[in-house]
Each structure stands twice: as structure tokens, then as C-alpha cells.
Amino acid sequence: MDLSISRKAQILAGTLTARKLWNFQQIYASYYYSLLRKKAFHRGRPVKIGIEPTTFCNLRCPECPSGLRAFTRPTGMMDMDLYGRILDELSPDLIYLLLYFQGEPYLHKQFLDMAAYARSRGVFSATSTNGHYLTDEKARQTVESGLSEVLISIDGVTQESYESYRVGGKLEKVKEGVQNLVYWRSKLKSLHPHIVIQFLVVKPNEHEIDAILQMGKKLGVDRVALKTAQIYEYAQGSPLIPTLDKYSRYTRQPDGSYRIKNKLKNQCWKLWQGAEITWDGRVLPCCFDKDAQYQMGDLRERSFGEIWRNEAYEAFRNRILQSRKTIDICQNCTEGTKVWG
């Protein structure tokens with residue numbers, strides 16, 4: 001059996017309840033009923049939520065609003081009282097919590113308290129990190145927190161290829177952090193966390209795919225995940241677009257321009273399964289709304305339940321079903337149509 005599947009499945013199974021499975025059934029059924037009638041119908045509560053601990057980041061990645069310091073929305077750190085209220089309301093039905101949206105989660109001083117609280121509420125919690133803060137002590141604390149899954153970005157096997165995207169990053173420091181995490185998980189005889197190296201395939205590193213798979217084995221992680229890159233200004237090409245078609249979200253046209261590969265079908269599972277919550281409590285429809293253009297409500301003023309099926313949310317779901325291509329955040333989206341992803 002694949003240890004990666006086995007470990008993650010065991011962690012996830014330990015958080016599932018009959019109520020959560022029934023809630024998932026309601027969302028699943030209402031989603032497909034909505035597709036059939038081409039009008040939004042929604043039942044159930046979120047099964048997957050992204051919560052943003054912070055928008056601050058230590059790196060300068062070229063296709064990231066945090067790295068580019070390009071937000072028009074405020075930058076800050078989530079208040080623990082707000083976080084606690086969100087988890088208390090959602091955890092009875094929540095299956096998957098991603099403690100990440102924009103920014104570097106480990107810059108939040110209470111990030112691991114967030115993970116520990118999710119664990120105490122019976123929720124599978126994951127995060128995505130650039131790996132620069134996984135010191136020996138922080139790695140031990142991560143394991144002890146009960147964080148379910150850690151995705152660590154390593155986008156190159158040499159410093160040169162790594163820093164072509166992770167601008168300002170130090171590859172050896174990240175590798176050391178991964179080793180610390182693997183060591184403490186073994187030392188403490190813990191099932192948690194499931195450890196993943198995430199490799200963003202771009203043109204400068206596409207020749208290193210075999211090498212990153214070997215690095216993952218050497219470091220002892222559970223999985224190496226190859227991820228395609230979202231490019232903001234792709235129409236006239238970009239030095240980051242891979243030449244390997246399998247790993248590119250875009251395809252070149254006869255005139256030399258590029259277009260996104262997938263068709264924008266009038267559907268989006270993300271609008272039924274969950275939402276993104278910014279550090280200051282704004283509820284957003286999905287992870288492609290990085291600058292919070294489409295705010296469904298504010299959790300500092302209302303409960304999630306009041307927002308989840310309010311007029312703004314229902315109007316947005318109906319717009320997705322009727323003319324998704326007219327929504328700007330959807331026009332560079334390669335996700336949304338698959339269930340659960």
C-alpha cells in the first residue's frame with residue numbers, strides 16, 4: 001500500500017463523523033440538482049474552508065500577490081478570537097481546513113495554536129508553507145500541534161532554479177526544515193502530519209522533475225506533488241510557462257499568443273463545497289479571488305450561517321451557472337468543475 005495514501009487516509013478517517021458525511025451528501029446532491037435545473041439550489045454547510053492566518057510573506061515570488069506586495073486590500077494577521085468563533089461554528093460539519101490563502105502561515109505567532117485548536121475540534125487541518133521557518137523547535141511544535149498535513153514548496157533542486165521563482169528563498173534552509181519535520185514525526189512516533197513537497201512546474205525547473213522526485217525519497221516525505229502554475233499575464237507568453245504541455249495550464253496559438261486550456265463551463269463545485277476567509281474575516285467565494293473583489297459578507301459583523309446563503313452568495317452562484325465567463329476571477333481558472341478538489 002502507498003504509505004502516502006495510507007497515512008493521509010488514516011488521519012482523515014479519524015476526523016469523520018456521521019454528521020459530516022450526511023452534510024457532504026446534502027451539498028453533493030444540491031450541487032448536481034442545481035446543474036440540472038441551471039438555477040442555484042443549496043443545502044448543507046461547508047465541508048472545505050480556507051482560512052488566511054496572514055497576508056505577510058518573507059519571499060517575493062513573481063506570480064503571487066503577497067510576494068509582489070500587490071494587494072489593494074489590507075495586510076494583517078488573523079485575530080485568535082475571530083478564528084475561534086469561526087471554528088466553533090463550522091467544525092461540526094467541516095471535513096477539511098486549509099490554514100492558508102495568501103502569505104506565509106508560520107509568520108503568524110499563534111499559527112500552531114490555530115492548528116492545535118482545529119485538532120481539538122476534530123477537523124483535518126492542512127497548510128502550505130515556503131518552509132523557511134521549520135527550525136528544529138518549530139518542527140517539533142508542528143508535530144505536537146496535531147496539524148494533519150504540511151505542503152512545503154520546493155520549486156527547484158539547485159539554488160539557481162529554486163530562486164528563479166522563490167525569489168529571496170534559500171533551498172538548503174528549506175531542505176533542512178523538511179528534515180526537521182520528518183525527524184520529529186518519527187521521534188514522537190506520530191501519525192501527523194502527512195508531509196508533501198509541492199513542486200511548481202515552470203520553465204526554469206521543468207527539466208528537474210525526476211530530480212525532485214528523487215529528492216523527495218531522500219528526504220523521506222510522503223509525497224511529491226507536481227503543480228501547474230497560474231500565470232497572470234499569459235496571453236503574450238511568459239518565461240515561466242513550461243514547454244512540457246502536460247504541466248502547462250496554457251496552450252500556444254498559431255499566432256504565437258496563448259490561451260487557457262480548459263473550457264469555462266457554467267458550473268463550479270467550489271461555490272457549493274466551501275469558501276475562503278481572509279485574515280480580517282471577509283468571506284470570499286473561492287481561492288482565485290486573491291484581492292477580495294467578491295465579498296459575500298464580513299464575519300466581524302455576521303455569523304457564517306447568515307452569509308452562506310445570503311442574497312449575494314445566491315446571486316453569485318446563479319451567475320456561475322448562467323455565464324461563468326463574464327466573471328473576471330474565473331477567466332484564468334483551471335479548477336472548480338471537479339468534485340472535492
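In which sense do S5 and strand S6 pair, and over how many bridges? Parallel, over 6 bridges. S6 covers residues 223–228. A caution before I go on: this is a predicted model.

Let's stay with S5. The strand runs over residues 194–201. On the S6 side, take one contact: Val201 of S5 has Thr228 as its bridge partner.

Now the link between these two strands. Helix H9, residues 209–219, joins the picture here. Together, S5, H9 and S6 make a β-α-β unit, and the unit is right-handed.

S5 has another pairing, with strand S4, residues 149–153. That pairing is also in the parallel sense, over 5 bridges. Here Ser153 stands opposite Gln198 in S5.

Next, burial. Is S5 buried or exposed? Buried: 8 of its 8 residues fall under 20% relative accessible area. So the strand is largely enclosed by the rest of the structure.

Look at the side chains by direction. His194, Val196, Gln198 and Leu200 point one way. Ile195, Ile197, Phe199 and Val201 point the other way. Both sets are buried. Gln198, then, is buried and sits opposite Ser153. Val201 is buried too, and pairs with Thr228.

Last item: a pocket. The second largest one has a volume of about 290 Å³. Its lining has 14 residues, and the closest to its centre are Gln230, Tyr232, Phe288, Lys290 and Gln293. What is the make-up of that lining? The count is 8 nonpolar, 3 polar and 3 charged.

Technical notes:
Residues are numbered from 1 along each chain as its sequence is written. This is a predicted model: local features need pLDDT of at least 70, side-chain atom pairs count only at pLDDT 80 or more; totals for chains, interfaces and linings use all residues. Side-chain values use heavy atoms; hydrogens and water are left out. On a 1 Å grid over the protein atoms alone, a cavity is a set of points where a 1.4 Å probe fits but cannot get out, and a pocket is an open set with protein on both sides within 12 Å along at least five of seven lines; lining residues have an atom within 4 Å of a point. Grid points are joined across faces, edges and corners, and a volume is the space filled by probe spheres set on the points. Ala, Val, Leu, Ile, Met, Phe, Trp, Tyr, Cys and Pro count as nonpolar, Asp, Glu, Lys and Arg as charged, and the others, Gly among them, as polar. Buried means under 20% relative accessible area, exposed over 50%, partly exposed in between (1.4 Å probe, protein chains only). Helices (H or I, at least four residues) and strands (E, at least two) are DSSP runs, numbered from the N terminus. Two strands pair if DSSP finds at least two bridges between them. A crossover is right-handed if, with the strands pointing away from the viewer, the path from the first strand over the helix to the second runs clockwise.
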